[in-house]
Amino acid sequence: MIIHISNMYKFYGLKNNRVSALKHISLDIASGEMLSIMGPSGSGKSTLMNILGCLDRPTSGVYEFKGRDISNLNDNELAVLRNQYIGFVFQNFNLLSRSTALANVELPMVYAGIAAGKRHNIARELLDVVGLKDRMNHYPNELSGGQKQRVAIARALVNHPAVLLADEPTGNLDTRSGTEVIKLFDTLNSIGVTVVVVTHDSDVAVQTRRIVYIRDGEIVSDVSGSSIKKDQKILPYEIRPGVLGFDKPHEWNGRDGF
Amino acid sequence: MRGLVSNKMRSLLTMLGVIIGVGSVITLVSIGEGVKSSISEQIQGLGSNLVLVTPGKGAVGMNASSMGAAVSELSYEDALAVERNSEAVNSVAPLIESGANVEYQGETKATLLSGTTESYGEVRNSPLAAGEFFTTGDIRGYRHVAVIGDTVSRKIFGRENPVGKNIMLNKVGFEVIGVMEKKGPTLTIDNDDRVFIPITVAEEMLDTNQVNMMFVQAGGPDLVSTAVAETRKIIGTRHRKNDFVVSEQEDILNTFQGIMGTLTGMLGGIAGVSLVVGGIGIMNIMLVTVTERTREIGIRKAVGAKKRDIMFQFLLESIFISALGGMLGIAAGFLGARLLDRVIPRLPTVISPWSIAAAFIFALLVGLFFGIYPARKAARLDPIQALRYE
Ligand SMILES: Nc1ncnc2c1ncn2[C@@H]1O[C@H](COP(=O)(O)OP(=O)(O)O)[C@@H](O)[C@H]1O
Ligand SMILES: [Mg+2]
C-alpha cells in the first residue's frame, strides 16, 4: 500500500463553529492504482486530497504514506515528501503568474536542488511531452485553461512522483481539454504512477478502475470495476520510465531525512 | 526579485530611507573630515619642528594675573631667554596680537595686528612676496615699520606697490617695508588679513608686555622633545610656576584630530539613526509584500519549498533593497558633498572611504535585521492556508 488511511477525522473551526469535514475515513490505495473520488460539493473531497498531498494534517486518525506515519514528520520532511513523492494538480492551476511556463515547471526542481542546466532540459522535455513545446516562454495569463493545466501537470511530474493527486483538474476546462488531461493521467498510470482524481464527471470516473464516493465527509461507497480500456496514444511519444531520465525507484531511499 | 522589479515605484520609495540614510552619513562625515583635514593642514603649515607656548593653565586657583605677579604670563623676555639658553632651539617667534585699523590715503580697514620678531618668517615658514621683513635692528630701534599681508595689500593699495608707502595703524604712522606671500584661507579665517610690526613697537602701542603665544622652532625633528623640555625648564624657572603650556605641533594635531574624530563619529551616528528608520520602512514594505504574495508562498510550499527556502527568498529581497538603496545612497552622499562644496566653498568636504564602507555595511545589516521578521512570517505560513488565501 502506498497510502493507508484508517479512522481519519478532520475538523475545521472551534467549538460552535466546528465543521466535521471528514469523518471515520478509512482508505487504502495500492501502488500503481488509478482511482477517482466523487461526491457532491462540500462533501470533503478537497479536504481529503489536501491531507493526501501532505498540504494539511488530519485532526485524528492514521495516515501512512509508503508505510510512514506522516504525523511523525516535521514540516521539512513533509516539504521533501511533497517535492519528491507527490505531484499535486489543482482545479485553479496555481501557477506562479510572474513566471513563465518553463520557470513554473522548473520550480519543484529548484527546491530539489537540481542544477539549472539540468532543470531547463527536464522542464523543456516535459513541456514537450504535454504538447507545449512552443509555449515555454509564455506567462500563465497568455495560456488557455487547458494549456495552464498541462503546465501544472508537467510541474507535478518533474520530480517523478510516486503519486499524482488531482483535485478537479478538469473543473475549469472545456470537454476536449478535459479529455486530453484525463488521457494524460491514464498514460502516466500505465507507466506506474499512482493517480487519484477528484471529479464530478462520471464519464471521467468510469475510465478509472476504482471509484470512491464521499458524502458529508464519509465514504459511502468504494467500488472497483474491471472496465479496463486500451491506452490511447495522444502524446508525441510514450512516457516510459527512463525516457525523461526518470529511472529512480519509488522507494524510500533515505534522501533528505527519509 | 521579480516582485521588486515589477513594483519599481514602491521599491524606490522603500529604498529612499536607506538612500537618505547612507547619503547623509557620507555627507555629514565628509563635512567633519573636511574640517579636520583643512585644520590639520593649517597646523602642519605652521612651520616645521614647531613647539607652541601659550599662557594659562597654572596651578588651580593660582592664575598669574590675578596674583598680580611681577612676571605674569608670557613675555618677550621669556622668548629671548629660551632662544638664548636652549641648545635645541633654533629660534623663537613671540606674538602679540590685537585688532587694529589700517589706513592709507582715506582707505581704512580693520585687520589683525601682530607684533613679532625677525624670526617669524623663518619659524612660520612665511616668505615675502615683496620687500623685506623687519630686522633685529628695527626691533631694538623701535622703528615704525610694517609688513602687510596679501589681503591688506589688495584692499588698501589695490595695484599700487605698497613697499615704501606710509600707512596709519590705529592713527600711528608706519612705513610698509614688505608684503607677505599669500597663504590662503583656513575655513572662514583669512590668514592674509594681517599686519606685522616689531614686537617692541607693539608692546608700546598696546601698552602690554604679555605675548599671546610663542612659536619655538627646534633645530631638527629629533630635537623637538628636547626643545619642549628645555623651554619648559627655562620659562618655568623664570616664572617660578607653571602658568604656561608647552605643546608640540604633533600633540596639537593629535588632540585636534581626536576631537574632530569624535565629532565626526557623532555626526555619522546621528545620520545612522535615519538608516535605522529606513530599515523600519523596509520591514513595513516586506510585510505588505509577504501578505500580497501569500498565494505564491503557498504554491512554492506545495511543490516542496522548505521554510528556509522561503526565508532565504524574502531575506534576499530585503537585503537587495538595502544594497541597492545603499549604492544609490553612496551616489547621493557624493552629490550632497559636492553640493555643499558649491554652497560653502570655504568648507571643503572630504569623502572618506571608511564612511562609505561603514554606511554601506550598516545598510546591509539594517536590511538583514529588518528583513528577518517578515521573512520568518512568510516561512511559517501554513501551505494550505496560504493556498486558500484570497
Ligand atoms: N478552511 C476551512 N474552514 C472551515 N471549513 C472548511 C474549510 N475548508 C472546507 N471547509 C468545509 O469543509 C467541508 C468540506 O469542504 P471541501 O473539502 O472543500 O469539499 P469539496 O471539495 O468536496 O467540495 C465543507 O463543508 C466546507 O465548508
Ligand atoms: Mg473541492
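The dialogue below works through a helix crossing and a chain interface in a predicted model.

Student: What makes α4(B) oblique to α9(B)?

Tutor: The axes of helix α4 (residues 76–85) of chain B and helix α9 (residues 224–239) of chain B come within 10 Å and cross at roughly 135°. Because angles over 145 degrees count as roughly antiparallel and 65 to 115 as roughly perpendicular, with the rest outside the roughly parallel class taken as oblique, α4(B) is oblique to α9(B).

Student: Which hand does the crossing of α4(B) and α9(B) have, and which residues meet there?

Tutor: The crossing is right-handed. From α4(B), the residues B:Glu77, B:Asp78, B:Ala81, B:Val82 and B:Asn85 meet B:Thr231, B:Ile234, B:Ile235, B:Arg238 and B:His239 of α9(B). By class, this contact has four nonpolar, three polar and three charged residues.

Student: How do you know what area is buried between chain B and chain A?

Tutor: The area buried between chain B and chain A is computed as about 2,000 Å², and carbon and sulfur atoms give 54% of it. On the chain B side, B:Ile299, B:Val303 and B:Lys306 lose the most area to chain A, together 28% of what that side buries. The contact itself takes 22 residues from chain B and 22 residues from chain A.

Student: Why is the pairing of B:Glu296 and A:Arg98 called a salt bridge?

Tutor: The side chains of B:Glu296 and A:Arg98 meet at 3.5 Å, N to O. Since a salt bridge needs a side-chain nitrogen of Lys or Arg within 4 Å of a carboxyl oxygen of Asp or Glu, the pair therefore qualifies. The count between chain B and chain A is two salt bridges.

Technical notes: Residues are numbered from 1 along each chain as its sequence is written. Chains are lettered from A and ligands numbered from 1 in the order in which they are written. This is a predicted model: local features need pLDDT of at least 70, side-chain atom pairs count only at pLDDT 80 or more; totals for chains, interfaces and linings use all residues. Side-chain values use heavy atoms; hydrogens and water are left out. Axes are lines fitted to C-alpha atoms, for helices over the stretch in contact, and angles run from 0 to 180 degrees between N-to-C directions. Helices (H or I, at least four residues) and strands (E, at least two) are DSSP runs, numbered from the N terminus. Angles under 35 degrees count as roughly parallel, over 145 as roughly antiparallel, 65 to 115 as roughly perpendicular and the rest as oblique. A crossing is left-handed if the near helix is turned anticlockwise from the far one by less than a right angle, and right-handed if clockwise. Contact means heavy atoms within 4.5 Å. Ala, Val, Leu, Ile, Met, Phe, Trp, Tyr, Cys and Pro count as nonpolar, Asp, Glu, Lys and Arg as charged, and the others, Gly among them, as polar. Buried area is the accessible area (1.4 Å probe) that two parts lose on being put together, summed over both.
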